[in-house]
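Hi everyone, thanks for coming. Let's take a look at the chain on the screen and walk through it together.

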Amino acid sequence: MTTLLLNLPLFLGSLLVMFLISLSMPSGVDVAFVVAWLASGALVFNRPTERGLAKLYFKMREPLGSELAVLQPIWYEVTQRAGVDGSKYDLWMEDTDELNASAAAGHIVGVTRGAMRSLPPQQLAAVLAHELGHHVGGHAWAGLLGHWYAVPARLVMSALRLVIRVLAAISEILAGLFVIFLGILAIALLFTFPAALALYAVPFLLAWSGRQGELRADRFAGLIGYGPLLVSVFTAWHAAGADDDRRKQRTMARLMSTHPPLHKRIRAIETFVA
């Protein structure tokens, strides 16, 4: 719910974009256009659409028979412990040697080739329990739904950045004038709607929500008995230097990170399972 609320400003921005586009359409078509866009969010929960997203957006593939033979028994064990019907979810593979897994859309659990090959079965089970926690907590579908409805607003922002780059290539003065024009519009908006100032906090709040979601998924794994195993996974990753680059990051990059540092996740799980 928190993720959906934090995405509300972007949703409203996208709604404004779609409304402005609809003004150029004939009467009747304009309303249908906006309504169709509003209804399009239901596609996020459509299984064939999810499969398409897994392939095209998340860059996953369906597991080979040999891979499924390894993953399916582990997934069955995890879902049985959680009292969840594991058949509701689809296991997918990511062709990377990175040790990771992910919860995507409403029913997809992705496992990297590196995690499947390198992690012992019980540690892999702990990682999958964490991803199940994302699904049970609604983090995966809420994040994707928020991203889906933010696309028009993000496209407009990307288009504005492209215009600025093109103008800068032609004349820095033109680019500067365009930026000043956008700044005047932004200031006018703030004076008209002072509450719009809160929009600047949305990206940081979304990142914070992501970090909290990771901690809640860790806690879910601990609740069904995988806490110590998840600690062993994170401890190994931490010892291998998985967080080394984080120390070099500036404050802004840390605030925008969607994952807490591993040492904080380890401490949170240890406190919970102690």
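First, how the elements get their names: helices (H or I, at least four residues) and strands (E, at least two) are DSSP runs, numbered from the N terminus. What we have here is a predicted model, where local features need pLDDT of at least 70, side-chain atom pairs count only at pLDDT 80 or more, and totals for chains, interfaces and linings use all residues. Residues are numbered from 1 along each chain as its sequence is written, and side-chain values use heavy atoms, with hydrogens and water left out.

Let's start with the overall picture. The protein chain has 13 helices and three strands. Its C-alpha atoms fill a box of roughly 60 × 45 × 35 Å along the principal axes. Of the 274 residues, 37% are buried; buried means under 20% relative accessible area, exposed over 50%, and partly exposed in between, with a 1.4 Å probe and protein chains only. Contact means heavy atoms within 4.5 Å. Among the contacts with a separation of 6 or more, 66% join residues 24 or more positions apart.

Now to the surface. The chain exposes about 15400 Å², and carbon and sulfur atoms supply 68% of that. These accessible areas come from the Shrake-Rupley method with a 1.4 Å probe, and for residues only the protein chains shown count as cover.

Which residues form a nonpolar patch on the surface? They are L162, V166, I170, I173, L174, L177, I180 and I184, with about 800 Å² of accessible area together. Patches are made of residues with over 30% relative accessible area and no salt bridge, joining like charges within 9 Å and nonpolar side chains (Val, Leu, Ile, Met, Phe, Trp, Tyr) within 5 Å. A salt bridge, in turn, is a side-chain nitrogen of Lys or Arg within 4 Å of a carboxyl oxygen of Asp or Glu. Helices α8 and α9 (172–192) each supply at least two residues of the patch, and α9 gives the most, with five. One residue in α9 is L177, which counts as exposed at 52% relative accessibility.

Next, please find helix α4, residues 47–56. Here E50, L53 and A54 are buried. Why are they on the same side of α4? Because they cover an arc of only 100 degrees around the axis, the arc being that of the directions from the helix axis to the C-beta atoms. As a reminder, an α-helix has 3.6 residues a turn, so residues three or four places apart point the same way. The buried residues of α4 pack against β1 (90–94), β3 (108–112) and α8 (139–170). On the other side of α4, P48 and L56 are exposed. At the N-terminal end, N46 acts as a cap, with a side-chain oxygen 3.0 Å from the backbone nitrogen of T49.

Just before that, in the loop between α3 (29–39) and α4, sits S40. Buried or exposed, this S40? It is buried, with a relative accessible area of 13%. Its side chain reaches the backbone oxygen of W37 at 2.5 Å and makes a polar contact with the side chain of W148 at 3.0 Å. A polar contact is a pair of N or O atoms within 3.5 Å; within protein, one must be able to donate a hydrogen and the other to accept it, and residues adjacent in sequence count only if both atoms are side-chain atoms.

Finally, V17 in helix α2 (residues 8–22) is buried, at 17% relative accessible area. Leaving aside neighbours within four places in sequence, V17 is in contact with P152 and V156.
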